[in-house]
Amino acid sequence: MKKILNLALATALVMALLAGCGSESATTPAASSAAGTSSSASTPTEQTSSVTGTVTASGSSALLPLAQAGADAFSKENPDCSVTVNGGGSGTGLKQVADGSVDIGNSDVFAEQKLDASVAAGLVDHQVCTITMAPIVNKDLGVTNLTKQQLIDIFTAKTTNWKDVGGPDLEILLVTRPTSSGTRALFKTWALDGAEEASNQSLETDDSGTLLQTVQQNKGAIGYVALSYLVNNSDVQSVSIDGVAPTLENTYNGTYLVWGFEHMYTKGEGSDAAQAFIKFMMSDDFAPSIEAMGYGASSKMSTQAVSTHNK
Amino acid sequence: MLDSKSLGTVKKSIPERRLFYKEYMGRSIVTICGLFMIALTVSIGAFLIYKGTGTFTRYGHSVFEFLFSAEWSPMDSGTQSGGGVGAAIYIFGSLLTCGIALAIAAPFSLAAAIFITEISPKLGARLIQPAVEIFVGIPSVVYGWVGLTVLVPFIRDTFHAPMGGYSVLAASIVLAVMIFPTITTVAADSIRCVPVMYREAAYGLGSTRWQTIYRVTIPAAAPGIITGIVLGLSRAFGEALAVAMVIGKTRAFPAGLLYPTNNLTAAIAADMGNSADGGEHNLALWSMALLLFLISMLFIMVIHMVSKKQEGVCE
């Protein structure tokens with residue numbers, strides 16, 4: 001008897017959990033639509049102009065904070081539309097949008113690099129913003145500029161002591177990201193001219209937050225993160241490449257090359273709600289928020305800057 | 001319309017029906033749950049085999065290469081192939097860290113188990129065992145975080161470790177702390193299960209307390225103790241997060257205890273989300289997952305074989 005009771009309780013608990021997960025997305029639009037109808041009674045025109053429905057997105061963790069902020073702002077303007085954004089990585093995002101389990105797949109890389117050509121052809125690319133990668137070192141190291149060749153030598157472990165590149169007599173500690181990381185792919189292409197990092201002599205961290213912490217804790221460490229991680233962060237020192245500082249201005253004017261587009265992929269044109277959300281992300285209204293978070297607005301990229309990345 | 005007679009029979013049969021209903025409802029819920037568990041295990045196994053063998057069937061790598069080569073450079077785009085999928089570094093990393101963790105934790109656990117059952121059973125049952133059991137419930141991320149913020153800098157500063165303190169040693173110590181409570185609890189339960197008459201017989205023959213413990217009690221409880229050790233080992237083997245935070249994840253065989261390396265679980269966790277689904281890299285990770293599954297199956301089989309041998313009254 002007691003066993004059955006326990007079992008029933010356990011089942012009820014599991015059910016409640018499952019129901020709780022499911023209803024989160026289901027109740028939000030219902031609740032907000034109820035609020036919407038009360039206000040639309042006075043202004044009936046508003047209801048037709050605002051977007052309804054749900055948008056789901058998953059993928060790139062580099063884009064996640066911005067997509068999350070965009071989703072919050074978008075939901076505020078369109079209370080009848082709920083946007084859910086998850087991480088999971090670029091590969092996951094692309095796969096899920098291709099098989100239709102999410103509306104938008106966020107990715108650091110072009111779909112063609114991760115999916116079969118036939119599958120990638122069915123996806124539409126929206127380059128919502130740019131992301132700039134900066135080499136970072138410990139604040140106490142005293143190195144603020146490296147030439148591209150020095151950078152390549154450091155990351156391929158040809159140079160192993162800071163004294164060879166104008167720093168103190170200290171072993172270099174490489175801190176990198178996993179081979180499948182979009183951040184690493186961008187850095188490899190544009191900062192290291194395609195040279196493979198010395199994975200056998202570097203610490204690999206799953207996320208940029210841990211990487212920052214490792215660089216912060218070790219005087220001889222060097223790594224790289226997106227500018228979005230350096231907003232309001234004075235614990236590490238970003239390094240200029242060939243005298244060009246990793247800033248948004250230098251990205252816009254085409255002098256700093258280590259950047260890439262962040263992509264939001266839809267399957268075909270995508271649902272109306274998904275299109276509206278992406279349009280909102282790329283709008284001039286949202287651009288200041290993009291820049292405040294350390295990303296670059298696609299619309300501000302100079303033709304010169306864009307042409308450097310058209311291979 | 002119901003006449004009074006039929007109403008009466010309905011009323012009478014309610015308690016019987018309820019009993020009948022309860023009896024069968026309970027039984028069917030339990031049966032369904034039991035079958036569901038079996039189905040779940042079998043389907044997870046089948047799925048892992050389906051995904052994990054892709055490396056060998058679809059991309060034509062040999063099992064030998066996967067297990068013994070250190071050449072890890074799988075392609076990660078579409079269905080391109082041609083990279084190496086040698087997982088030897090990861091496998092070695094897992095074996096090494098778990099082995100050292102076990103070497104550290106097993107003696108401590110055994111000693112603790114003896115203390116709380118034989119030396120100080122009252123204090124043990126009331127205070128120490130509950131305290132140890134709380135340890136089992138601490139999430140691995142907490143162990144990892146403490147390791148990252150306390151242990152890693154400590155190793156760096158004390159032993160002047162070359163790579164910032166991220167090392168085999170740090171990973172092993174974190175794992176040892178994690179599996180200590182598992183081994184202790186299972187071993188203590190097993191020692192308690194040794195029948196009192198064994199001890200009485202030993203004392204009757206003139207043994208001291210210590211002689212009784214290490215000549216009679218421990219050998220009699222050995223199967224349970226080994227079960228605890230294997231359980232601890234399988235927890236250590238499957239642990240991803242805490243190890244990933246302190247091992248450094250360098251793709252190289254460690255040159256020593258103070259050097260970083262990588263292991264199976266951390267490597268899977270690092271790349272599973274970003275690698276292209278169905279690609280060579282992705283399937284190689286699935287093969288590593290399959291390997292972990294097979295290893296844990298092996299551990300479970302060992303436990304079953306060993307635990308059958310234990311004699312005693314309690315289960």
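In what order do the elements of chain B run from the N terminus on? I followed the chain of this predicted model and wrote the order down as α-α-α-α-α-α-α-α-α-α-α-α. My tally for chain B is 12 helices and 0 strands, where helices are DSSP runs of H or I with at least four residues and strands are runs of E with at least two, numbered from the N terminus.

I then looked up the radius of gyration of chain B, taken over C-alpha atoms, and found 26 Å, well over the 20 Å of the globule rule for 315 residues, so chain B is more spread out than a compact globule. That rule is 2.2 Å times the number of residues to the power 0.38. Along the principal axes, the C-alpha trace of chain B spans about 85 × 75 × 35 Å.

Next I checked burial, and 47% of the 315 residues of chain B count as buried, meaning under 20% relative accessible area with a 1.4 Å probe, protein chains only.

For contacts (heavy atoms within 4.5 Å), I noted that 71% of those in chain B between residues at least 6 apart in sequence join residues at least 24 apart.

I also counted charges in chain B: 21 positive and 17 negative side chains, with the centres of the two sets 11 Å apart. Lys and Arg count as positive, Asp and Glu as negative, and His and the chain ends are left uncounted; each charge is placed at NZ of Lys, CZ of Arg, CG of Asp or CD of Glu.

On numbering, I note that residues count from 1 along each chain as its sequence is written, and chains are lettered from A in the order written. For this predicted model, local features need pLDDT of at least 70 and side-chain atom pairs 80 or more, while totals for chains use all residues, and side-chain values use heavy atoms, without hydrogens and water.

Terms used
Buried < 20%, exposed > 50% of the residue type's maximum accessible area, 1.4 Å probe, protein only.
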